[in-house]
Amino acid sequence: MAVTTRLTWNEEKSLQKLLGSVSLTLLYKSSVHGRCTSEMLDRCSNQGSTITVIYCPKDIVGIFILGHYPIMSEKFEKSNSSFYFSLKNNETEIKTAFLNTTLTITQKELTACHPDFQDVFSLIPNNSTVYLHSSLVNELGVKFRSSRYSECEVFRVEGIKGGNGYISRITGAAQRRHELLADLRTYKPSEDLVSEIRILLLGPVGSGKSSFFNSVKSVFQGHVTRQAAVGFDSTSITELYRIYSVKDGKDGESLRFKLCDSMGLDEKEGAGLHLDDICHILKGCIANRYHFNPQQPITSRHPCFIVSPSLQDRIHCVAYVLDSSSISTLSSKMVEKLKQVQKEVLNCGIQQVALLTNVTNYQEVLEDDFLNMNKSVTSGSKIMEVQKMLHIPTSNILMVENYASELELDPLKDILILSALRQILRATDDYLEDLPLEETDEVVGMSQLRTCD
Ligand SMILES: Nc1nc2c(ncn2[C@@H]2O[C@H](COP(=O)(O)OP(=O)(O)O)[C@@H](O)[C@H]2O)c(=O)[nH]1
Ligand SMILES: [Mg+2]
């Protein structure tokens, strides 16, 4: 009788899709071929790339191994070549974890070792147990460190799109994303002057300011979220001043930066964010949720006006958000407006960067070894245009493709979003290190977010 898999049609399709529309051939099934390592090896060795699927009570976990299965007692020294995944029973969303591990197989177990965490994964066929290190438990979103499993299956993987290079690229991208996330999770502002950085997003209506906040939040939440309303209809245009914090995961700690979203700039007088309001935002005088009035800027009598803001309340970096597809068609009046704003920012001595959104060729980040988009030919000319217009150094002109209508995260978009954020924070650190002594005299504690509801 033919041996059949326990994967449902949906589960199998999701795994195939993850690997680039591959075909899967079942080689080993523990309940049929025996629960011991030698049986497993007999069937899986010399079969090329494989995927091992382990059926735990609530989750399916597994490991993809690029190239042949390891040989008994020999170390399998290939970095970037295996990754781990999890899948809730009967669901299609797969979580992946890309760790640089070395695989070893002995009579007793298949083990993956990481240079920092030691054993991160062990599969013990004889007593049907799988063990995961806490770092893997978090990334895979499973609720156990060790679990008995009811079945283990190994499949041969064939037809990897673009050959093994494809897997190396997706594992490389995932690893880069992982490093950036780790870096930003532990970020602390330089000099201990403030406990968190405030970044103000400024730019024309529709340039992607609110979407950038949503995108950053999505990356840290692990799924696409849309807290800030986006779009052009009257209910979606931002009219409130919003100081958003971002948590590391749903119940995680707040990260050490806040993104301040504002009303868009308008070239017409009496429309869009007023220049006087911008000055007050920069100085930290405007509280969260203040409702802008383009015709009448805030006054010190308003309940949302913060009379003596601390260094913590101030803006530490301004990001000019521009839609990269319409930079060359920005009207001269809008450019003039941006320059007026820039004058105020420079007067306050605040750090500035440019954030170009709607970068449709963002896949080119792969060619640039996940560094940034600045070397791409198409991006290069846009960067030069912005550099000429705003006189911002090219290293502070950052490119992102925000999450707009998609439902799933994309590691390449994440890499650009996280790289941009990291560069903004690094540039802001330079600003903090350079602050004149008299401005740093205030004792600054953890900020209480002031709100005017
Ligand atoms: N394709 C794409 N669409 C974007 C991007 N950023 C924003 N959008 C879309 O542009 C529109 C305006 O974005 P929004 O964030 O509301 O702009 P804001 O007025 O600057 O806050 C929305 O429909 C977004 O979905 C981007 O990077 N790529
Ligand atoms: Mg907006």
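The exchange below concerns one open sheet and the helices that lie across it.

Mentor: This is a predicted model, in which local features need pLDDT of at least 70, side-chain atom pairs count only at pLDDT 80 or more, and totals for chains, interfaces and linings use all residues. Residues are numbered from 1 along each chain as its sequence is written, while chains are lettered from A and ligands numbered from 1 in the order in which they are written.

Trainee: Which are the edge strands of the open sheet?

Mentor: Strands are DSSP runs of E with at least two residues, helices are runs of H or I with at least four, and both are numbered from the N terminus; two strands pair if DSSP finds at least two bridges between them. The sheet has 6 strands with mixed pairing, in the order 14-15-13-16-17-18. Those that pair on one side only are strand 14 and strand 18.

Trainee: In strand 15, what is the bridge partner of tyrosine 244?

Mentor: Strand 14 (residues 242-247) and strand 15 (residues 254-261) pair in the antiparallel sense over 5 bridges. Lysine 247 stands opposite serine 254, and the bridge partner of tyrosine 244 is leucine 259.

Trainee: At what angle to strand 17 does helix 10 run?

Mentor: Axes are lines fitted to C-alpha atoms, for helices over the stretch in contact, and angles run from 0 to 180 degrees between N-to-C directions. Helix 10 (residues 411-433) lies across strand 17 among others, and its angle to that strand is about 170 degrees.

Definitions and conventions: Contact = placed C-beta atoms within 7 Å.
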